[in-house]
Amino acid sequence: MTRLVRDCLAQDGPTFSFEFFPPRSTDDDRALWQAIRELEGLRPSFVSVTYGAGGSTRARTIEITEQIAVDTTLLPVAHLTAVGHSKAELRGIVGNLAAAGVPNMLALRGDPPGDPEGEWTKHPEGVEYAEELVAIMRTHGDFCVGVAAFPNGHPRSASLDDDTRHLVAKFHAGAEYAITNMFFVADDYLRLRDRVTAAGCDAPIIAGLMPITNVGMIRRSEQLTGAPFPAKLAARFAAVAHDPKSVRAMGIYETSKLAERLLEEGVPGVHFYTLNRSKATREVWANLALGARL
Ligand code: FAD
């Protein structure tokens, strides 16, 4: 029987999952599969594979999720974005994923290709918001659909209230869970959860975490989230910036501490942005497993 993320979320205890992206070169492909094999032993609840902004890596999402479904013990979730696709194409891709044995999908709008902060223009025959992609997936078959959530609000949202309303609309359209963008302060997640609860919705929101292992990742995280990196934490990293080993150790410690707090607060799951490497995630996992959290 095919497993679905909803079944993992219905079990006792938090889910534990990893995110990968489709590699562009043979060397990167080797690194991805090494990370997958090394993380498989931790028996995560599921792993997800992102969908590229355009070009050949898009087809690779389907290939990799299928390969994970067939060749590993892992449960793959395929991301799909609305960028550059008509509704008919989106339905076709959903059908291809189902045929490849991948009924778990994350429905996303995506960002404008080239300049993520540029003007968003929908495909003339496509969808405007992720909510509509959720509906396409849910009416196409018994798929388990997740969506994105933003603890600090999506950069394009006029207000946190608007942002929350649009997230809740995705749940009403049929999404069964959300995964957050990376964040570094537990209260940002907890406030998002409170806003969603106050809107009368109790859908599970999985916390997305990325261990900072070098100072360059601080700037990268700001580009990915559109939110400034927390100043107090940035100052702690700045104090050890001259010593890469200390930066890395601090990143593992801070992520472990953040995950501990979130687990104490009853998060339904933690999701790690692995950047196709396993070491940092395994170290955080070991810290949490030692604390008998998972
Ligand atoms: P939406 O939910 O459509 O929201 C986009 C904006 O429109 C928000 O500001 C929202 O508040 C607003 N909005 C929504 N509905 C309405 C409405 N009815 N009326 C008015 N405004 C509305 N990108 C990729 O390219 N590939 C990936 O694989 C990928 N994976 C991701 C995984 C996660 C867990 C996360 C958090 C993000 C991921 N992204 C990915 C990035 C994501 O595509 C972008 O952040 C994108 O800008 C927003 O996508 P969304 O699905 O949240 O869009």
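1. Helices here are DSSP runs of H or I with at least four residues, and strands are DSSP runs of E with at least two, both numbered from the N terminus. The model is a predicted one, where local features need pLDDT of at least 70 and side-chain atom pairs count only at pLDDT 80 or more, while totals for chains, interfaces and linings use all residues. Residue numbers start from 1 along each chain as its sequence is written, and side-chain values use heavy atoms, leaving out hydrogens and water.

2. Let's start with the barrel. Eight strands close up in the order β1-β2-β3-β4-β5-β6-β7-β8, and their pairing is parallel. On average, neighbouring strands of this sheet are turned by 30° against each other, direction ignored. Two strands count as paired if DSSP finds at least two bridges between them.

3. Now follow the pairs along one part of that barrel. β5 and β6 pair in the parallel sense over four bridges, and Ala-149 stands opposite Thr-180 in β6. Strand β6 (residues 177–180) is joined to β7 by two bridges, again running parallel, with Ala-178 opposite Ile-205 in β7. The chain travels from β6 through helix α7 (residues 186–198) to β7, and this β-α-β crossover is right-handed. Right-handed means that, with the strands pointing away from the viewer, the path from the first strand over the helix to the second runs clockwise. On its other pairing, β7 is joined by three bridges to strand β8 (residues 269–273), also parallel, and Val-270 in β8 is the bridge partner of Ala-207.

4. Is strand β7 buried or exposed? Five of the five residues of β7 (residues 205–209) are buried, so this strand is largely enclosed by the rest of the structure. Buried means under 20% relative accessible area, exposed means over 50%, and partly exposed lies in between (1.4 Å probe, protein chains only). Ile-205, Ala-207 and Leu-209 point one way from β7, whereas Ile-206 and Gly-208 point the other way. That pattern is worth knowing in general: in a regular strand the side chains alternate between the two faces of the sheet.

5. Helix α5 (residues 130–140) is a nice one to rotate on screen. Its buried residues are Ala-130, Leu-133, Val-134, Ile-136 and Met-137. They cover an arc of only 160° around the axis, which puts them on the same side of α5; the arc is taken from the directions from the helix axis to the C-beta atoms. These residues pack against β3 (76–81), α4 (87–99), β4 (104–108), β5 (144–149) and α6 (160–172), where contact means heavy atoms within 4.5 Å.

6. Helix α3 (residues 57–71) includes Thr-57, which is buried with a relative accessible area of 5%. Leaving aside residues up to four places away in sequence, Thr-57 touches Pro-22, Pro-23, Arg-24 and Gly-52. Its C-alpha atom and that of Gly-13, 44 residues apart along the chain, are separated by 34 Å.

7. Charged pairs deserve a look too. A salt bridge is a side-chain nitrogen of Lys or Arg within 4 Å of a carboxyl oxygen of Asp or Glu, and by this rule the count comes to 18. In α3, Arg-60 and Glu-63 meet in one of them, at 2.8 Å from N to O. These two are three residues apart, so about one helical turn separates them. Glu-63 is partly exposed, with a relative accessible area of 40%.

8. Which residues does Glu-254 bridge to? One partner is Arg-236, at 3.1 Å from N to O. This pair links distant parts of the chain, 18 residues apart: Arg-236 in helix α9 (residues 231–239) and Glu-254 in helix α10 (residues 244–264). Another partner is Lys-257, with the closest N and O atoms 3.6 Å apart; Glu-254 and Lys-257 are three residues apart in α10, about one helical turn. Glu-254 counts as buried at 13% relative accessibility, whereas Arg-236 is partly exposed at 38% and Lys-257 is partly exposed at 40%.

9. One last group to find: Arg-6, Arg-138, Asp-142 and Glu-176 are linked in a network of salt bridges.

Terms used. Axes are lines fitted to C-alpha atoms, for helices over the stretch in contact, and angles run from 0 to 180 degrees between N-to-C directions.
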